Amino acid sequence: MVITYFFSILNPFTFTSAISFNFTSFSSSDSNITYERAFAENQVIQLTGNRLNFEFVGRATYFKPMRLWDKDSGKLTNFTTHFSFAIDSKKRSVYGDGIAFFLAPVGSKIPFMSKGGSTMGLCRGNQALDSVDNPFVAVEFDIYSNEYWDPPGEHVGIDLNSLKSVANISWFSNIAIKEGKINEAWITYNASSYNLSVVFTGFRGNVSVRQFLSANVDLSLFLPELVTIGFSASTGNSSAIHTIYSWDFSSSLEIDETTNNPKDPVSSPNIPAPKQRKNNTLGLAMGLGFGGFVLVARLVDHAKGSTTTDLAGTKGYIAPEYFTTNKATKESDVYSFGIVALEIASGRRAINHMAIEDHQVVTEMWVRELHRRGELIEAADPRLGGNFDELQMERLIIVGLWCAHPDYKLRPSIRQAIQVLNFEALLPLLPFDMPGPT
């Protein structure tokens, strides 16, 4: 049995600007990646060569520019990227300098006078704290502490036209660097909240752990409409080998060429698009039952009231008016939507007149703990016996947690939640160490 979503969508237009790609390996013959002092070899990108080098800088960027924002509407794009990489010191305990994922104006090149390791190939050495000539926004994985602007030790930072990060956190990477272990990073930008968040792996001993960093920033204040995206790395007196193993990326801002208006969000080419419908009804049909139980949540304009049965029954209908009216802007309604999604997915509903609010808090805390441990699918209703589409189930649970975010300012609108459920928008990247319910 699978979970199936049916939602009405707008008529199709001709769009431009959003980009989406997924590189599981790299080839020197692939023109989609532009190399500057870096190169592809053995299906990976070598940013600083394939051996320890003194004062080396390399860049690899996607060949096509991304539209970061639209000047007519002021709209910013959402984007998300995931990549795997390694920084290998070949067992040496002294190493430098690090890798950065960056956005910069189209045409950006390795700046003149940036050959030393400290600038990571992002700016000139004499503009490290105020890069006037070479604007950039970057997430740095810095393995060398520069006394003028870095915190001590290996760290991950968010940089805005300066190598002095606006936010940073210590990175558990010493073992990984000495042994050349592969790490992963997920970077997401939420245009509505201006939140730039980073989830990345590190190692405590030989155990992989996940860490989290975020900052709120209006990217349109730092970069032009069209930007280049890619990686930069450097070495100095201390060196290491900096390698990219895989890279995927998706942005959402589309421009309707017939009207020159932005259309946001947009389906990612890596995600199956929903089928079109001819009416305005929003319906969510989810096969979530045991022995044929089906829950149909009908979110219909001007619906009147709601009725439900508990999961032991055979059918339930949920059609609260506030899901599709202006009341959806209320944080309490968004929270309720999230809790309902979590209860539907997990099969944990309040019954026998138990304290509903207490039950909801327990359910939310339980799902959050599974999310923190990286065991989200374990929250699925056990009566399903594992007979469901994991991608769809994950999306339902993540949307539930998103709507119930402890910080109400970071919760989506009902419309945004439905677009994610409908595979019309990117899945939000939630921190694994989110606090409990408030």
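**Exercise 1. The strands around β11**

Determine in which sense β11 and strand β12 (residues 155–160) pair, and over how many bridges.

*Solution.* β11 and β12 run antiparallel to one another and are paired over 6 bridges; strands count as paired if DSSP finds at least two bridges between them, and the elements themselves are DSSP runs numbered from the N terminus, helices being H or I runs of at least four residues and strands E runs of at least two. The structure is a predicted model, in which local features need pLDDT of at least 70 and side-chain atom pairs count only at pLDDT 80 or more, while totals for chains, interfaces and linings use all residues. Residues are numbered from 1 along each chain as its sequence is written, and side-chain values use heavy atoms, with hydrogens and water left out.

Within the β11–β12 pairing, V137 has L160 of β12 as its bridge partner. Strand β10 (residues 98–105) also pairs with β11 in the antiparallel sense, over 6 bridges, and here G98 stands opposite D142.

Next, establish how many residues of strand β11 (residues 137–142) are buried, and which of them point the same way.

*Solution.* Buried means under 20% relative accessible area, exposed over 50%, and partly exposed in between, with a 1.4 Å probe and protein chains only. Because 6 of the 6 residues of β11 are buried, the strand is largely enclosed by the rest of the structure. In a regular strand the side chains alternate between the two faces of the sheet. In β11, V137, V139 and F141 point one way and A138, E140 and D142 the other, all of them buried.

**Exercise 2. Aromatic pairs**

Classify the ring pair F79 and F249, then the pair F231 and W247.

*Solution.* A pair of aromatic rings is described by the distance of the centres and the angle of the planes. Rings of Phe, Tyr and Trp (its six-membered ring) pair if their centres lie within 6.5 Å; planes under 30 degrees apart count as stacked, over 60 as edge-to-face and the rest as tilted. By this rule the count is 20 aromatic pairs. For F79 and F249 the ring centres are 5.7 Å apart and the planes stand at 20°, so this pair is stacked. It links distant parts of the chain, since F79 belongs to strand β9 (residues 79–88) and F249 to strand β18 (residues 241–251), 170 residues apart. F79 is buried at a relative accessible area of 1%, and F249 is buried at 1%.

For F231 and W247 the centres are 4.8 Å apart and the planes at 70°, so this pair is edge-to-face. Because F231 lies in strand β17 (residues 226–235) and W247 in β18, the pair ties together parts that are 16 residues apart in sequence. F231 is buried at 0% relative accessibility, and W247 is buried at 1%.

**Exercise 3. A glycine in β17**

Which residues does G230 touch, not counting residues up to four places away in sequence?

*Solution.* G230 lies in β17 and is buried, with a relative accessible area of 0%. With contact meaning heavy atoms within 4.5 Å, G230 touches A60, T61, A100, F101, F102 and W247. T61 is 169 residues from G230 in sequence, yet their C-alpha atoms are 4.0 Å apart.

**Exercise 4. Helix α4**

Check the span of helix α4 (residues 390–403), and decide whether it is mostly covered or mostly uncovered.

*Solution.* The expected span of a helix is 1.5 Å times one less than its number of residues. The 14 residues of α4 should therefore span 20 Å, and the end C-alpha atoms are 20 Å apart, which agrees. The helix is mostly covered, 11 of its 14 residues being buried; among them are M393, L396, I398 and W402.

**Exercise 5. Backbone exceptions**

Examine the peptide bond between G96 and D97, and the phi values of Q43 and M120.

*Solution.* Most residues other than glycine have a negative phi, and most peptide bonds are trans. G96 and D97 are joined by a cis peptide bond, with omega about 0°, and D97 is found in the loop between β9 and β10. Q43, though not a glycine, has a positive phi of about 70°; Q43 lies in the loop between β5 (39–41) and β6 (44–46) and is exposed at 54% relative accessibility. M120 has a positive phi near 55°; M120 lies in the loop between β10 and β11, but is buried, with a relative accessible area of 1%.
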